[in-house]
Amino acid sequence: MFDIGHRIRQLRIQNGLTLEELASRTELTKGFLSQLERNLTSPSIQTLEDIAEALGVSMSGFFADTRSEKVVFTAEDIFVDEQDDKTIRWIVPNAQKNSMEPIILELEPGSQSKVIEPHEGEEFGYVMAGRISLVNAQDRKGVAVRKGETFYIRGNESHYLLNKSTTRAVVLWISTPPVF
């Protein structure tokens, strides 16, 4: 439910106005505005239009979604893509709209990630469990990366991660821009 009182207070403070100054601009009493801000009373549509105008916003601007962007994500936000030999956990919803995209990749023994084609940008990885080989798809040479180690590469060559070991590997893998 939309909190009208909170929105009035938010816009008033944003505009650097005291209750007294807003009261003067709207020809309403300071007491009435205080009650509105504390949701002890409700304004008529006309009164709300007058307040919005005094605060420099249209009615649609007054009711615009003012929620801040989500910055903390929980287990419920994670999308899990389970495949036969790997699991991809998309740990930030809709990250493809952001500048970077983090995933947690679980590779079963002998499996590999998809091949990441050349792209403008960089990638970072942290091996959380097991070990992987970071393989350049052109020459198939792999660089070993073990638990607790990281890799940081440019995206200018095709590459992929390969689990050559007999245990599952888990990697936090971040790409900028999003490529996964």
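In the predicted model, the largest nonpolar core comprises 17 residues, and those with the most contacts inside it are I103, L105, I132, F151, L161, V171 and W173. Five strands each supply at least two residues of this core, namely β2 (86–90), β3 (101–107), β5 (131–136), β7 (150–154) and β9 (169–176). The surroundings of one of these core residues can be described in detail: when residues up to four places away in sequence are not counted, L105 touches K86, T87, I88, S113, L161, A169, V170, V171 and W173. A second core, separate from the one just described, has 14 residues and includes L17, A52, A54 and F62.

A search of the whole structure for salt bridges finds five. In one of them, the side chains of E37 and R12 meet with an N to O distance of 2.6 Å. Because E37 belongs to helix α3 (residues 30–37) and R12 to helix α1 (residues 4–14), this pair ties together parts that are 25 residues apart in sequence. Both partners, E37 and R12, are buried.

Another salt bridge is formed between the side chains of D85 and K86, with an N to O distance of 3.8 Å. The two partners fall into separate accessibility classes, since D85, at 30% relative accessibility, counts as partly exposed, whereas K86 is buried, with a relative accessible area of 15% against a cut-off of under 20%. K86 is also among the residues touched by L105 of the largest nonpolar core.

A further salt bridge links R168 with E106, the closest N and O atoms of the pair lying 2.9 Å apart. As R168 is located in the loop between β8 (159–162) and β9, while E106 is part of strand β3, the pair ties together parts that are 62 residues apart in sequence. R168 counts as partly exposed, at 40% relative accessibility, and its partner E106 is buried, with a relative accessible area of 12%. This pair does not stand alone, in that salt bridges sharing partners join R89, E106 and R168 into one network. Strand β3, in which E106 lies, is also one of the strands that each supply at least two residues of the largest nonpolar core.

Notes:
Residues are numbered from 1 along each chain as its sequence is written. This is a predicted model: local features need pLDDT of at least 70, side-chain atom pairs count only at pLDDT 80 or more; totals for chains, interfaces and linings use all residues. Side-chain values use heavy atoms; hydrogens and water are left out. A nonpolar core is a set of buried Ala, Val, Leu, Ile, Met, Phe, Trp, Tyr and Cys residues joined through side-chain atoms within 4.5 Å. Buried means under 20% relative accessible area, exposed over 50%, partly exposed in between (1.4 Å probe, protein chains only). Helices (H or I, at least four residues) and strands (E, at least two) are DSSP runs, numbered from the N terminus. Contact means heavy atoms within 4.5 Å. A salt bridge is a side-chain nitrogen of Lys or Arg within 4 Å of a carboxyl oxygen of Asp or Glu.
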